[in-house]
Amino acid sequence: MDASREPNGSSAASGERRTAPLRWSVVVFWLVLVTVVLAVIGVFLDRETRLAPFLVVLPALIAGRGGVRQTAVASTWVTVMIAAALFDTADDTIGAATATVVFAVVFNGLSVARAAQRVRSEREIARLRSAAAALQRQLLRPFPLMTDQLIVHGLYQPVEEDSRVGGDVYEVVSSPYGSRVFIADVQGKGLPAISAAFSVLSAFREAAVAEPTLTAVVDALEDAVLRHNSFAAQAGESERFVTALVLGIGPDTEVQAINCGHVAPLMLHGDRDGPVLKGEPHVPLGLDALSPEPRTVEWFAFPQGGTLLLCTDGVTEARDPSGTFYPLEERAAAWDDVRPGELPTTVYRDVRRHAAGTPGDDTALMVLRRRPLGEVD
């Protein structure tokens, strides 16, 4: 398997994001431990019949994390223990003991019902998360991507949570005007962000082939975001903006770029390591009316043998436990010798180590290399 595509399956990663279920050994351990502790306390205080009802809280606690069977077993255990303790009493307390056991049965039954409801809800949420992530992957082409000028490796790792799934998109298009490269991140989270992302993605796929200039391509993307926001407003949804980076790459070493508020690309090429754009980013897509200056093209050198790294803010805004952002530019110096096909996975693993787990935002990475001169498909 191509290393650049390793995380795209994401079943393992998504499993890491969900709360791990209780193991049976943990359930049995706590049932026995709490029972023994209460029994010992009861012996010393000569109040074992009064302490026994405290067991009734155990199934309710297990219902918050455990499965239905685990909660049912805990409920049965607790009911039997309470009954055994209470009915070994004088005849004049039988009524009270019976009432306590009935209460335990009812309360434990509610705990089992709560566990069943929680499990059904988690399965439905997992299904929706998986569907949203699958939709994103289906509409984004898998890496590697190729044009006459480029070989593009990459990685796309969505956050499979309905409230946090984002709108990261990417594309590479071969056009009559050279290769057009696009990477973008929609402001906000959730399914509405995905809708906006695919609106601008569709606009890029069309404009990249039809428009002769890079500024015209970006103008088409701006119009697409405005149209989407107009429709969203009619539907009662929030308007959104989109950070984006658009590149135009031809056979020459000079590359055109328009940065609409996105993470700047990094060059990995020996002493040329670092950001390649020197100007200030333009406003994100959807906000052009707020800028007094039109978006313009910036040029930079992309020599044969160089590697260009593009990413979304899922990389640069990943935080470690102390709140420190991931230092992408500092880490980039160590990746000169990493093969382009392995670089996306290398970067993503380093981001995960920095974040002490799975990053909390969608992550898209693109690694661009010029195709060797004379190479054919």
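This is a short viewer tour of one helix and two groups of strands in a predicted model.

**Stop 1: helix α7**

Select residues 191-210. This is helix α7, with 20 residues. Put a distance label on its end C-alpha atoms: they are 29 Å apart. At 1.5 Å a residue the helix should span 28 Å, so the two values agree. Now show side chains. Which residues of α7 are buried? They are A193, I194, A196, A197, F198, V200, L201, A203, F204, A207 and A208.

**Stop 2: strand β4 and its partners**

Move to residues 178-186, strand β4. This strand is mostly covered, with 9 of its 9 residues buried. Next, add residues 167-175, strand β3. β3 and β4 pair in the antiparallel sense over 9 bridges. A hairpin of 2 residues links β3 to β4. For a landmark, pick E171 and F182, which are bridge partners.

Then add residues 242-249, strand β5. β5 runs antiparallel to β4, and 8 bridges join them. Centre on I183: L245 in β5 stands opposite.

**Stop 3: the open sheet**

Turn to the open sheet of 6 strands. Trace the order β1-β2-β11-β10-β7-β8; the pairing is antiparallel. Why do β1 (145-146) and β8 (274-275) each have one side without a neighbour in the sheet? Both stand at the edges with a single partner strand, so that side is left without one.

Finish at the β1 edge. Select residues 150-157, strand β2. β1 pairs with β2 over 2 bridges, in the antiparallel sense. Label M146 and I151 in β2; they stand opposite each other.

Terms used
Residues are numbered from 1 along each chain as its sequence is written. This is a predicted model: local features need pLDDT of at least 70, side-chain atom pairs count only at pLDDT 80 or more; totals for chains, interfaces and linings use all residues. Side-chain values use heavy atoms; hydrogens and water are left out. Helices (H or I, at least four residues) and strands (E, at least two) are DSSP runs, numbered from the N terminus. The expected span of a helix is 1.5 Å times one less than its number of residues. Buried means under 20% relative accessible area, exposed over 50%, partly exposed in between (1.4 Å probe, protein chains only). Two strands pair if DSSP finds at least two bridges between them.
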